[in-house]
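Trainee: Got a minute to go through this one with me? I'd like to start with the overall fold and then look at single residues.

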Amino acid sequence: MNVKDTDPTATPAVIVRSQEDPTTQVRLSGRYFPDEYGTGFAVEVHAEGLQARLDSVITWVCGPEYLADFLDKLAADFRGWEGERTWSTHHLALRAVFRSGGHVGLTWTLRPWTTREDSWEVSVTTWLEGGSQLTALAADVRQFLDRGNPDGTR
(Lines give C-alpha, C1' and ligand atoms only; values in the text may rest on other atoms or scores of the structure.)
Protein backbone atom coordinates (compact mmCIF):
# COMPACT_ATOMS: atom_id res chain seq x y z
CA MET A 1 0.00 0.00 0.00
CA ASN A 2 1.22 3.48 -0.68
CA VAL A 3 1.19 6.37 1.77
CA LYS A 4 2.16 10.02 1.41
CA ASP A 5 3.37 12.37 4.07
CA THR A 6 0.35 14.62 4.67
CA ASP A 7 1.96 17.30 6.83
CA PRO A 8 2.22 20.37 4.53
CA THR A 9 5.48 21.40 6.20
CA ALA A 10 7.05 17.98 5.68
CA THR A 11 9.11 17.04 2.65
CA PRO A 12 6.88 15.14 0.20
CA ALA A 13 7.41 11.38 0.04
CA VAL A 14 5.70 8.29 -1.33
CA ILE A 15 6.02 4.98 0.49
CA VAL A 16 5.12 1.74 -1.29
CA ARG A 17 4.56 -1.21 1.06
CA SER A 18 4.14 -4.74 -0.16
CA GLN A 19 0.80 -6.20 0.84
CA GLU A 20 2.44 -9.63 1.13
CA ASP A 21 5.20 -8.45 3.46
CA PRO A 22 4.76 -4.96 4.96
CA THR A 23 8.43 -4.88 5.99
CA THR A 24 9.32 -4.73 2.30
CA GLN A 25 8.96 -1.15 1.16
CA VAL A 26 10.20 1.49 -1.24
CA ARG A 27 10.34 5.19 -0.34
CA LEU A 28 10.62 8.04 -2.83
CA SER A 29 11.66 11.30 -1.13
CA GLY A 30 13.92 14.34 -1.38
CA ARG A 31 12.33 15.67 -4.55
CA TYR A 32 14.19 18.39 -6.46
CA PHE A 33 14.03 19.92 -9.93
CA PRO A 34 17.38 19.92 -11.82
CA ASP A 35 15.83 21.83 -14.72
CA GLU A 36 12.44 22.51 -16.31
CA TYR A 37 12.17 18.99 -17.76
CA GLY A 38 13.30 16.76 -14.92
CA THR A 39 12.44 15.72 -11.41
CA GLY A 40 15.08 14.24 -9.16
CA PHE A 41 14.49 12.24 -6.01
CA ALA A 42 16.01 9.73 -3.62
CA VAL A 43 14.93 6.07 -3.54
CA GLU A 44 15.25 3.84 -0.49
CA VAL A 45 14.44 0.15 -0.38
CA HIS A 46 13.91 -1.86 2.77
CA ALA A 47 13.37 -5.57 3.28
CA GLU A 48 14.33 -8.05 5.95
CA GLY A 49 18.09 -7.69 6.35
CA LEU A 50 18.35 -5.15 3.53
CA GLN A 51 18.51 -1.40 3.31
CA ALA A 52 19.79 0.58 0.30
CA ARG A 53 19.48 4.16 -0.89
CA LEU A 54 20.22 6.19 -3.99
CA ASP A 55 20.20 9.94 -3.54
CA SER A 56 19.87 11.07 -7.13
CA VAL A 57 17.43 9.44 -9.53
CA ILE A 58 16.07 11.66 -12.29
CA THR A 59 12.98 11.11 -14.42
CA TRP A 60 12.48 13.32 -17.46
CA VAL A 61 9.14 14.67 -18.62
CA CYS A 62 10.39 14.67 -22.22
CA GLY A 63 11.99 11.23 -22.08
CA PRO A 64 10.67 8.07 -23.67
CA GLU A 65 8.41 7.56 -20.70
CA TYR A 66 7.79 9.52 -17.53
CA LEU A 67 7.59 7.34 -14.39
CA ALA A 68 4.14 8.72 -13.55
CA ASP A 69 2.90 7.90 -17.08
CA PHE A 70 4.25 4.33 -16.79
CA LEU A 71 2.36 3.78 -13.52
CA ASP A 72 -0.81 5.36 -14.97
CA LYS A 73 -0.70 2.87 -17.86
CA LEU A 74 -0.31 -0.04 -15.46
CA ALA A 75 -3.27 1.17 -13.40
CA ALA A 76 -5.39 1.57 -16.55
CA ASP A 77 -4.78 -2.12 -17.37
CA PHE A 78 -6.13 -3.34 -14.03
CA ARG A 79 -7.57 -6.45 -15.71
CA GLY A 80 -4.03 -7.61 -16.36
CA TRP A 81 -1.47 -8.16 -19.10
CA GLU A 82 0.87 -10.87 -20.36
CA GLY A 83 4.59 -10.83 -19.68
CA GLU A 84 6.37 -7.97 -18.02
CA ARG A 85 6.44 -4.22 -18.52
CA THR A 86 9.51 -2.17 -17.72
CA TRP A 87 10.57 1.40 -17.08
CA SER A 88 14.10 2.57 -16.30
CA THR A 89 16.55 5.39 -15.87
CA HIS A 90 20.30 5.03 -15.44
CA HIS A 91 19.97 4.22 -11.74
CA LEU A 92 16.46 2.87 -11.20
CA ALA A 93 14.53 0.18 -13.05
CA LEU A 94 10.95 -0.85 -12.43
CA ARG A 95 9.56 -4.15 -13.69
CA ALA A 96 5.83 -4.91 -13.45
CA VAL A 97 4.17 -8.31 -13.72
CA PHE A 98 0.53 -9.26 -13.32
CA ARG A 99 -0.52 -12.48 -11.64
CA SER A 100 -3.82 -14.22 -11.13
CA GLY A 101 -5.99 -12.77 -8.40
CA GLY A 102 -5.44 -9.24 -9.67
CA HIS A 103 -2.08 -8.57 -8.03
CA VAL A 104 0.79 -6.62 -9.53
CA GLY A 105 4.41 -7.22 -8.60
CA LEU A 106 6.62 -4.16 -8.90
CA THR A 107 10.32 -5.03 -8.78
CA TRP A 108 12.40 -1.96 -7.98
CA THR A 109 16.08 -2.30 -8.94
CA LEU A 110 18.62 0.24 -7.75
CA ARG A 111 22.08 0.46 -9.33
CA PRO A 112 24.33 3.40 -8.46
CA TRP A 113 26.78 2.94 -11.33
CA THR A 114 26.11 1.43 -14.71
CA THR A 115 29.67 1.47 -16.04
CA ARG A 116 31.84 0.44 -13.10
CA GLU A 117 32.95 -3.15 -12.70
CA ASP A 118 32.65 -2.97 -8.90
CA SER A 119 29.10 -1.66 -8.96
CA TRP A 120 26.32 -3.19 -6.89
CA GLU A 121 22.65 -3.73 -7.65
CA VAL A 122 19.73 -4.47 -5.36
CA SER A 123 16.09 -5.36 -6.06
CA VAL A 124 12.96 -5.67 -3.96
CA THR A 125 9.46 -6.59 -5.08
CA THR A 126 6.35 -4.96 -3.72
CA TRP A 127 2.98 -6.64 -4.39
CA LEU A 128 -0.09 -4.45 -4.77
CA GLU A 129 -3.73 -4.98 -5.65
CA GLY A 130 -4.01 -4.15 -9.35
CA GLY A 131 -7.06 -1.93 -8.96
CA SER A 132 -7.36 0.67 -6.23
CA GLN A 133 -3.88 0.28 -4.72
CA LEU A 134 -2.09 0.63 -8.06
CA THR A 135 -4.33 3.55 -9.05
CA ALA A 136 -3.58 5.31 -5.75
CA LEU A 137 0.16 4.69 -6.19
CA ALA A 138 0.08 6.15 -9.71
CA ALA A 139 -1.72 9.27 -8.44
CA ASP A 140 0.65 9.66 -5.47
CA VAL A 141 3.75 9.33 -7.66
CA ARG A 142 2.37 11.83 -10.20
CA GLN A 143 1.66 14.33 -7.41
CA PHE A 144 5.13 13.73 -5.94
CA LEU A 145 6.95 14.17 -9.27
CA ASP A 146 4.96 17.02 -10.78
CA ARG A 147 5.82 20.58 -9.93
CA GLY A 148 2.25 21.36 -8.91
CA ASN A 149 1.76 24.24 -11.32
CA PRO A 150 -1.83 25.53 -11.16
CA ASP A 151 -2.31 25.18 -14.93
CA GLY A 152 -1.38 21.49 -14.80
CA THR A 153 1.91 21.85 -16.65
CA ARG A 154 5.01 20.13 -15.39
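Mentor: Sure. Helices (H or I, at least four residues) and strands (E, at least two) are DSSP runs, numbered from the N terminus. By that count the chain has two helices and nine strands. Before we go on: this is a predicted model, where local features need pLDDT of at least 70 and side-chain atom pairs count only at pLDDT 80 or more, while totals for chains, interfaces and linings use all residues. Residues are numbered from 1 along each chain as its sequence is written, and side-chain values use heavy atoms, with hydrogens and water left out.

Trainee: In what order do the elements of the chain run from the N terminus on?

Mentor: They go β-β-β-β-β-α-β-β-β-β-α.

Trainee: And what percentage of the residues is buried?

Mentor: Of the 154 residues in the chain, 42% are buried. Buried means under 20% relative accessible area, exposed over 50%, partly exposed in between (1.4 Å probe, protein chains only).

Trainee: How much area does the chain expose?

Mentor: About 8200 Å², with carbon and sulfur atoms supplying 49% of it. Those areas come from the Shrake-Rupley method with a 1.4 Å probe; for residues, only the protein chains shown count as cover.

Trainee: Let's move to the sheet with strand 6. What is its strand order?

Mentor: That one is an open sheet of four strands, ordered 6-7-8-9, with antiparallel pairing. Its edge strands are strand 6 and strand 9 (122–129), each pairing on one side only. Two strands pair if DSSP finds at least two bridges between them. On average, neighbouring strands of this sheet are turned by 20° against each other, direction ignored. Axes here are lines fitted to C-alpha atoms, for helices over the stretch in contact, and angles run from 0 to 180 degrees between N-to-C directions.

Trainee: How many bridges are there between strand 6 and strand 7?

Mentor: Five, in the antiparallel sense, with strand 7 covering residues 92–99. Within this pairing, Trp87 stands opposite Leu94 in strand 7.

Trainee: Which strands do the helices lie across?

Mentor: Helix 1 lies across strand 6, strand 7 and strand 8, at about 165° to strand 6. Helix 2 (residues 132–145) lies across strand 8 and strand 9, at about 120° to strand 9.

Trainee: Which residues of helix 1 are buried?

Mentor: Leu67, Ala68, Phe70, Leu71, Leu74 and Ala75. They sit on the same side of helix 1, because they cover an arc of only 160° around the axis. The arc is that of the directions from the helix axis to the C-beta atoms. Those buried residues pack against strand 4, strand 5, strand 6, strand 7, strand 8 and helix 2. Contact, by the way, means heavy atoms within 4.5 Å.

Trainee: Now Trp81. Where is it found?

Mentor: In the loop between helix 1 (67–76) and strand 6 (84–88).

Trainee: Buried or exposed, that Trp81?

Mentor: Trp81 is buried, at a relative accessible area of 10%. Leaving aside neighbours within four places in sequence, Trp81 is in contact with Leu74, Ala96, Val97, Phe98 and Val104. Val104 is 23 residues away along the chain, and its C-alpha atom is 10.0 Å from that of Trp81.

Trainee: OK, next is Thr109. Which side chain does it make a polar contact with?

Mentor: The side chain of Ser123, at 2.6 Å. A polar contact is a pair of N or O atoms within 3.5 Å; within protein, one must be able to donate a hydrogen and the other to accept it, and residues adjacent in sequence count only if both atoms are side-chain atoms. Thr109 belongs to strand 8 (residues 103–110) and is buried, with a relative accessible area of 11%. Beyond four places in sequence, Thr109 touches His91, Leu92, Ala93, Glu121, Val122 and Ser123.

Trainee: Switching topic: why is strand 4 called largely enclosed?

Mentor: Because nine of the 10 residues of strand 4 (residues 38–47) are buried. Seven bridges join strand 4 to strand 3 (residues 25–35), running antiparallel, and a hairpin of two residues connects them. Strand 4 also pairs with strand 5 (residues 50–60), again antiparallel, over nine bridges.

Trainee: What stands opposite His46 in strand 5?

Mentor: Gln51. On the strand 3 side, Gln25 stands opposite His46. In the hairpin of strand 4 and strand 5, Gly49 takes a positive phi near 75°.
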